[in-house]
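Please look over the sequence and model shown here before reading the briefing that follows.

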Amino acid sequence: MQNQEHLLQEIEGIDDYWGPTFRAIYDQDDDSRKFIDTLDNRIKQYDKEIERMCNFYYQGFIDSIRELQQVENQASKLKKQVIQLNSNVQTIVAEVTNAGEELVKARQVENNIQLAINSLSLCLPALSSYSKLQKQMAEKRYYPALKTLEQLEQLYLPQVSHYKFFRQMIEKIPKLRENIKESSMSDLNCFLETIRKFSSKVGEAAMKHSVEQQNFDFGLTKLKKKKDSPEDNSDDEDSLSAQDLIDFSPVYRCLHICTVLSSRDTFDAYYRQQRREQALLTLHPPNNMHESIASYCYYLQCIVGFFVVEDHVLNTGNGLLTRPYLEDLWKMASDKVVSIMRTNTAYCTDANLLLKIKDLIMVFCITLRSYGYPVKNYMELLHEIQEHYNEILMQKWVQVFRDILYRETFCHLEVDNQDQYDNVVRTFPYQDDQLESSTFPRKFPFSSMVPSVYDQVKQFIFACLKFSNDLNFSEGEVDEMVQKSTKLLLSRTFSGCLSSAFHQPRLGLLQVIQIIVDTGYLEKSSKSIQQFVSEATGSTGGTVGDDAGITLGVARNDAEHHMYDKMKLKLNEFLDLEDYDWMLVEPTGQASSFVTDLINFLRVVFNALRNLTEEVSVHVCQVAFEHISKSILNLLLSDDIKQLSMGALNQLNLDVIQCELFAASEPVGKTDEPDFSQHFAPLRQLLDLLLSWDWSTYFHDYGQETSKYSHVKPTTAIIVLEKLKEADKKSVFSVLKKSERDKKKLLETVLKQLKQLALTVQQ
């Protein structure tokens, strides 16, 4: 019990460390329950003491509570007053604080404003200058902008060097200079592009102005190309000069700017390089330029415009271009233009287009010469174009002559009334009093080809002279050109067409003869052609008449040779109709029908030959009779004839006699030829020898000039005798008659002697 009491005292006396006490309680296994009971009793004892004490002090406590409640009400009222007072104080203090803060801020703002005013007063000139610079650049006033930039850099920026924007401006100044330079160069490039587009208009204005000053009429209004827009048709633009069409201020501005920026050499080199490249582009011709005058016009106007602009820059550009540079550029361009024009005009096949090109080149030369550019090589080009123009004319006249010759029937030109007659005489210089006094219808000795060809020669000369107009050629040069072209026209063009006409199957022998007659009259008209050329060119000399006469004479000779060939072909047609019976016993007593027809044909032909010269007529007769004689002789000697009777020889003799009689009858009138029948001498001597059997005379006189049978060769006689011998073999009665047997022996003897003579002649 005491032990438990002791433990309770330890618990009550110790506040924080009860561990040993509790261990001691639990170590006593038997007393732990008792300790708990003791502890409960002690708790109850304390509870009773507490209750007793509370009962003793309860009334005083209640009074204290009541007093405390009264104090609480007063404290609550006091708290409310304090809170209200604190709120009022806080409001007033806040207002005072805000006013103080605003006052402080106002003082700060005032100080800042003063500082700002001072700073702005210092920076305003620089900023105004910079703003002015930006505005000038926006307005593309680069040269004033460059002046403003220089003022900003040297005067205003040093005053604001301690500000941050100073460094930015200083850093931007080189860029601004470069921007000004680039912008001015950009304007220059726009200017270059503009003058490239307007070069044709500048060239057109310059060419019109030059033509008006020179009082020349090259048909420029016909050469102007069509406008592309309504603005191009304005009268105001047509009245402007070449320089008024383009604003050159970008060049001058850029020139001044680059001078100030110390890059003048760079600018000069750049401008020249760009213009040289533009020159190369301008010199490139349009596609298919040779097809239309508008393309030539546009091309040359662009070139004129280019060099008019360069001349203006040379005179106003303060050394931007130099005369040697421009002369070198013009030489390069001129050579190129001449080459291009030469090439393109070579493709041209239209004479009228070449005339327009000539006029255009003349305007081109006059314009550029007025600006001081040499144009000598263009005069040489015009000479070349003139030659090509004449070639085209000759090609054109080839078709003209072909049409005339194709339509021509080559019959005598016949007129039915005086108007027709006068028209022919007015066209062709021909005068015949006998014809003029005759009644209508009248026949000219030539065909309609003669006045047609003569008129076309005159038209050709007129066409040639068209090109020489306004070229300032001397009379001698024009006369030489016309004579050369006319000679070529007659010698090459007309003669070629005439030669082609000979080979037309439709032309007969009589028509060929008429052609010869016609060429003779054209040959006689050569003096009239010379006179016409002299009147047209104003020169007094010239050989075109003689040359024309010679040329037409050559054409006539060609026609004569062709006539001979036609004659032989026609004679062969008649000779091919022969139907000899080479074994004929007795002749018919009259000439063969084909010989009669042949002679009738020759009468018609020889009658037509009376219009030719005696020399030609005689030669035609000689050719005809000689050809007939040789053809009959060749027929007699032909290998196709194996046998030959004396009757056939007598019939052949009759035919030859008819031919000889006709040849001796002066078939073309009286001539210096003694007798055309002599052309039958080889055939006549052979027939006489065979029919008269005069072999003793033949052998005796052979080889002598006075021989009666001088044209008969032993080989020819052998061939005919062999055929006679072959015919005798077929005769049954030849062996029965003594005379026939003797004749046969004589024939064999003659053959033997002829063969020996032939061998002797060959040795």
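Which residues of H19 are buried? In this predicted model, local features need pLDDT of at least 70 and side-chain atom pairs count only at pLDDT 80 or more, whereas totals for chains, interfaces and linings use all residues. Residues are numbered from 1 along each chain as its sequence is written, and side-chain values use heavy atoms, with hydrogens and water left out.

**Helix H19**
- The buried residues of H19 are Ser526, Ile529, Gln530, Phe532, Val533, Ser534 and Thr537, where buried means under 20% relative accessible area with a 1.4 Å probe, protein chains only.
- Helix H19 (residues 526-537; helices are DSSP runs of H or I with at least four residues, numbered from the N terminus) spans 16 Å from its first C-alpha to its last, close to the 16 Å expected at 1.5 Å a residue, the expected span being 1.5 Å times one less than the number of residues.

**Cores**
- The largest nonpolar core (buried Ala, Val, Leu, Ile, Met, Phe, Trp, Tyr and Cys residues joined through side-chain atoms within 4.5 Å) has 178 residues, of which Phe307, Met341, Met563, Leu602, Phe606 and Phe625 touch the most other members.
- A second, separate core of eight residues includes Tyr130, Leu146, Leu149 and Ile180.

**Confidence**
- The mean pLDDT (the predictor's confidence in each residue, from 0 to 100) of the protein is 79, and 85% of its residues reach 70 or more.
- Over residues 218-235 the pLDDT is below 50, although this stretch has 30 contacts (heavy atoms within 4.5 Å) beyond near neighbours in sequence.
- Where pLDDT is low, the predicted coordinates should not be read in detail.

Methods:
Helix = DSSP H or I, 4+ residues; strand = E, 2+ residues; numbered from the N terminus. Buried < 20%, exposed > 50% of the residue type's maximum accessible area, 1.4 Å probe, protein only.
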